[in-house]
Amino acid sequence: MTYQECIQACLECMEQCNRCFDECLKEDNVQMLAECIRLDRECADACAFAVKAMQTNSRFAKQICELCADICQACGDECAKHEHHQHCQDCAEACHRCAKVCREMAAA
């Protein structure tokens, strides 16, 4: 596992979270998606922070990746609940993949 693989997973997750956030705001029942929207924002921010930590070879990169994995897991689990929204399903997939890669990075 290289930083580059984890950085790529984080960037893809961040992109899907930003897309999901934007698409959720366009839905009729935004209130139903409030937690999804909140977690999309947190997850995108966590991924960006993890990318920066890895790119700068931070001595805390592994801990940051572990935290990022936890946030990605929570976001992916929330998005997965919204079966009728493809953007949520796409986001859930990216989040769960990123969580897995970040956990592998943290354990390396």
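**Close-ups of a predicted model**

**View 1. Glu78 and what it touches.** Setting aside neighbours within four places in sequence, Glu78 makes contact with Glu35, Cys36 and Leu39. This is a predicted model, and in it Glu78 belongs to helix H3. The residue counts as buried, with a relative accessibility of 12%.

**View 2. Helix H1 from end to end.** H1 takes in residues 3-26, which makes 24 residues. From its first C-alpha to its last the helix reaches 35 Å, close to the 34 Å expected at 1.5 Å a residue.

**View 3. The buried residues of H1 and their cover.** Quite a list here: Cys6, Ile7, Ala9, Cys10, Cys13, Met14, Gln16, Cys17, Cys20 and Cys24 are buried in H1. An α-helix has 3.6 residues a turn, so residues three or four places apart point the same way. The cover over the buried residues of H1 includes helix H2 (34-55), helix H3 (61-80) and helix H4 (86-107).

**View 4. Cys17 and Cys43, with no bond drawn.** The closest cysteine sulfur to that of Cys17 sits in Cys43, 3.6 Å away, which is too far for a bond because a disulfide needs the two sulfur atoms within 2.5 Å. Cys17 itself is buried, at a relative accessible area of 0%.

**View 5. Cys20 and Cys88, another pair left unbonded.** For the sulfur of Cys20, the closest cysteine sulfur is in Cys88, at 3.7 Å, again too far for a bond. Cys20 is buried too, with its relative accessible area at 0%. With the 2.5 Å cut-off, the disulfide count comes to 0.

Note on methods:
Residues numbered from 1 in each chain as written. Predicted model: local features only at pLDDT ≥ 70, side-chain atom pairs only at ≥ 80, totals over all residues. Heavy atoms only, no water. Buried < 20%, exposed > 50% of the residue type's maximum accessible area, 1.4 Å probe, protein only. Helix = DSSP H or I, 4+ residues; strand = E, 2+ residues; numbered from the N terminus. Expected span 1.5 Å × (residues − 1). Contact = heavy atoms within 4.5 Å.
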